[in-house]
Amino acid sequence: MTHTNTTKILMAALVTLLLNNTANAMAKKPVDSGNDGSTSTPSAPAPSTPITPEPPATTGSVLPADFDIFTEVAGPVGKLVDSFYNSYRELIPERDQTQSYKSDNVDVNLDSRYRFADRIAYAVELKMYPSKAGLGYVGSSYGMSTNENSYLETSLISHPLCTVSSSSLTKTLNSGKVPSAAVITKLNAFANKMNEYRRGAMNGDRESAVKATKLWSKLMMCMSYTESLTSADTNTSSNVASKNAPSGYRRPAGVLFYEDPYQDEASKLNIGLFQFTPTASGNVQACIREWNKLYPNNQISKTATKAEMIRVLGSAMQTFNAFCGAAKITGMFAVQVNTSKSGNTHPSNLQSNGSLKLPTDRCVSPHFAAGKSYNHFGPLQNSTGSNLNEVMSCTLKGDY
């Protein structure tokens, strides 16, 4: 046998092995406690031939089969972030399960997991699986189809993160929100680290897949502090809850109720880890659509009353709030990947002839104005001029 033929056979065997490893390396799937324990995870379209240095969109989960999100991520990352905010330490304490709501008890993987760190890390794990964003109802506003079935699936690791500059941020953020050069350096440090982990995970490296999950979880846990956990248990929060809560509801510890004086009445009240408005048709609508696909026997009505949404968003374990937080990130990415308008995606996704790259070959960024890429999070938009630095400093401090 010639050397050339031997090489071809070895290469073919290697490709087959990698494909089998990718297909088999699936983390535990969400188990809807109202059904037989089975639920399907949709598969993404096959990626095109890569035309950028980064691998194109993934076709499935890159998480190892023996991965335990609670011991490997929630515990160590939650303790680390709590140590940065040592006056509060809200992520690791176990919450009062007697104050849980039915939305806290939909997934048997979360049984006996009563910490905010558990719920945030598990939401991140769910969003490491590619899925279609629930954005059809607002698709036309972002240059997307109204048909969600046409979307390329996205996950927290499906596409590489774009590096940013003052010039690119001027286009993706409102002009007055561009951060300093020092903060931009931090944004790129995060993007480069995540892309490194992504490349390793796609090559079957277990440690890289776990580190990617840790880093996303760390970002979301840091953001939970900048959004709510430093003021969750103040008298103001309790007073706002008392004024707005339905009969029989009592605000659980760690759950922030806040009235934003700069919002209209429909959007004034914000609740929980990531500060969502209790209006089913409002900023949680896409999350409800995605939640209902995961948990068909434990659905949240798309026309739920304000009282019902206060109970869901203000639950003791914050399960839906955590899920919606992670879903907002992948929703942002879905806009940038599926839009047909250059203004709704990163400038790096424009080719030299002015046309957009294929959805499988685009990069994504968390740093967009709300009207450009469905961004919910003020810190990721540098809304106060300092909160982006706070959340990125926390995310890059210490391990992972």
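Author: In this predicted model, a helix is a DSSP run of H or I with at least four residues, and helices are numbered from the N terminus.

Reader: Okay, what makes residues 181-202 count as a helix called α5?

Author: Helix α5 has 22 residues, and a helix needs at least four, so that length passes the cut-off.

Reader: And what comes just after α5?

Author: Just after that run, G204 takes a positive phi of about 90°.

Reader: How do you know what span to expect for α5?

Author: Take 1.5 Å times one less than the number of residues. For α5 that gives 32 Å, and the helix reaches 31 Å from its first C-alpha to its last, so its span is close to the expected one.

Reader: Why is V183 in α5 called buried?

Author: Buried means under 20% relative accessible area, and V183 is on the buried list, so its value falls under that cut-off. Others on the list include L187, F190 and Y197.

Reader: What covers the buried residues of α5?

Author: The cover includes α4 (166-172), α6 (206-229) and α12 (387-396).

Reader: What makes you call helix α8 mostly covered?

Author: Eight of the ten residues in α8 (residues 285-294) are buried, W291 and L294 among them. The cover for the buried ones includes α3 (116-126), α9 (306-313) and α10 (319-338).

Reader: How much of the whole protein counts as buried?

Author: Of its 400 residues, 55% do.

Reader: And how many helices and strands are there?

Author: The protein has twelve helices and two strands.

Technical notes: Residues numbered from 1 in each chain as written. Predicted model: local features only at pLDDT ≥ 70, side-chain atom pairs only at ≥ 80, totals over all residues. Heavy atoms only, no water. Buried < 20%, exposed > 50% of the residue type's maximum accessible area, 1.4 Å probe, protein only. Contact = heavy atoms within 4.5 Å.
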